[in-house]
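Trainee: Please give me a close look at one helix-helix contact. Then place it in the rest of the model.

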Amino acid sequence: MGPQNPSRAGGGGELVRVSLGSLAVLGLEKIEMAAEPTTVYLLQYSPAGCGASCGFCAQSRKARGSRGEWLSRVRWPARPLGELLEALRRGRGRVARVCYQTILKPGFVEEMLRHVEALAATGIPLSVATTPLPRPVLERLHGLGVERLGVGLDAATPALARRVGKPYPWSAYMRFVEEGVRVFGRGMVHVHLVAGLGETPREMVEAMRRVYAVGARVALFRYTPLPGLPRYPGVSLPVYRALQLALLLLEEGLNPLDYIDFTQSPPKALKKPPLPGDRVLEAMLTSGCPGCNRPFYNETPRGPIYNYPSRRMLLERREQLARELEALGAGGWLA
Ligand code: SF4
């Protein structure tokens, strides 16, 4: 079959990429999984990958030839959308969300709208993660039933966005985030930020504060070094834990700078927030849209685990996590 067959209603014959774990959840692959994804992750398909040149992304032009089926640590085989729609209808109860991620290619907006219309008809909550688009397209997505918007801002500062090769300026992403909040509502736009591209912890916290100040939220990723792509400095586990705590505090309407000193290395807890220990523990869960757990997207199951994909795993590792928070002077926050 050719990669594109727009004559089929709803784009059912067109290919989309699906994360391997998502295929397994849909019963279309058999693999061993230490944790199942609770969201089905789809990625727009192009045999040439994405037209952008982000230096940390396996779909970018920087990675040509080496990792066409990959995004971060995960394989994304291509499947006809129609096959996925059928599997989604069958497995609806097992899937909390569908996330449709776009790439830059000719005609990607029209294709996205076709696919989204078909996916929305399954009745499963739907997120679209995309690059800056005109407001009428956002309104169309919202009208078609997309519940939440994801925005791949990725870099914490404008200078870093330029350095890693983002296709648009940082300010264009932030304007898009604000437009997204106007169309989808406060708390319904999830901004992807990648820790470890070369920002300071303080710069990352400032980026997070900007996002929350405009009514959006953060989905935090850890930079994952990939073969064949440029290397960035990365982020240590203590700094990542401090950023996760900062994100929790923002989610709770608190200012992280009142509770953690991000000028120290590693950051140091200043005082305990007025939150129960179990809530603090949840800071180490994968952040993002409800039901988005991205199992082992940024790390191997052997660990260290940066984003915990399930409450069960979190509770099993509570003591270890308490020790990790102790390194920041925040061990008592779990009490
Ligand atoms: S937070 Fe998860 S579900 Fe939401 S847009 Fe990002 S990857 Fe998709």
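Mentor: Start with the residues. Arg135, Leu138, Glu139 and His142 in helix H4 meet Glu179, Gly180, Val183 and Phe184 in helix H6. By class, this contact has three nonpolar, two polar and three charged residues. The nonpolar ones are Leu138, Val183 and Phe184. The charged ones are Arg135, Glu139 and Glu179. His142 and Gly180 count as polar. Keep in mind that the model is predicted.

Now the geometry of the pair. H4 covers residues 135-144, and H6 covers residues 170-184. The two helices pack at an angle of about 40°. Their axes are 10 Å apart. The crossing of H4 past H6 is right-handed.

Next, the sheet. Eight strands form an open sheet in the order S5-S1-S2-S6-S7-S8-S9-S10. Its pairing is mixed. Strand S5 (78-80) and strand S10 (217-222) are the edges, each pairing on one side only. From one strand to the next, the twist averages 30°.

Look closer at S8 and S9, which are neighbours in that order. They pair in the parallel sense, over four bridges. One bridge pairs Leu149 with Val189 in S9. S8 also holds a backbone feature: Asp154 lies in this strand. Its phi is near 65°, a positive value in a residue other than glycine.

These strands also bring us to the ligand. The ligand is surrounded by 13 residues, and the closest are Cys99, Gly150, Gly288, Cys289 and Cys292. Four elements give two or more residues each to this shell: strand S6 (97-101), strand S7 (126-130), strand S8 (148-154) and strand S9 (189-195). In the sheet order these strands run S6-S7-S8-S9. By class, the shell has five nonpolar, six polar and two charged residues.

Two cis peptide bonds deserve a check in your viewer. One joins Ser265 and Pro266, with omega about -10°. Pro266 sits in the loop between strand S11 (260-261) and strand S12 (268-269). Another joins Gly303 and Pro304, with omega about -5°. Here the proline, Pro304, belongs to the loop between helix H9 (277-281) and helix H10 (311-316).

Last, the overall frame. The protein has 11 helices and 12 strands. Its radius of gyration is 19 Å, close to the 20 Å that the globule rule gives for 335 residues, so the protein is as compact as a globular protein of that length. Along the principal axes, the C-alpha trace spans about 60 × 40 × 40 Å.

Back to your contact, then. H4 and H6 pack at about 40°, and their contact includes residues such as Leu138 and Phe184. The sheet has eight strands, and S6, S7, S8 and S9 are the elements that give two or more residues to the ligand shell.

Definitions and conventions
Residues are numbered from 1 along each chain as its sequence is written. This is a predicted model: local features need pLDDT of at least 70, side-chain atom pairs count only at pLDDT 80 or more; totals for chains, interfaces and linings use all residues. A residue is near a molecule or strand if its C-beta atom, placed from the backbone, lies within 6 Å of it. Axes are lines fitted to C-alpha atoms, for helices over the stretch in contact, and angles run from 0 to 180 degrees between N-to-C directions. A crossing is left-handed if the near helix is turned anticlockwise from the far one by less than a right angle, and right-handed if clockwise. Two residues are in contact if their C-beta atoms, placed from the backbone, lie within 7 Å. Two strands pair if DSSP finds at least two bridges between them. The radius of gyration is taken over C-alpha atoms; the globule rule is 2.2 Å times the number of residues to the power 0.38.
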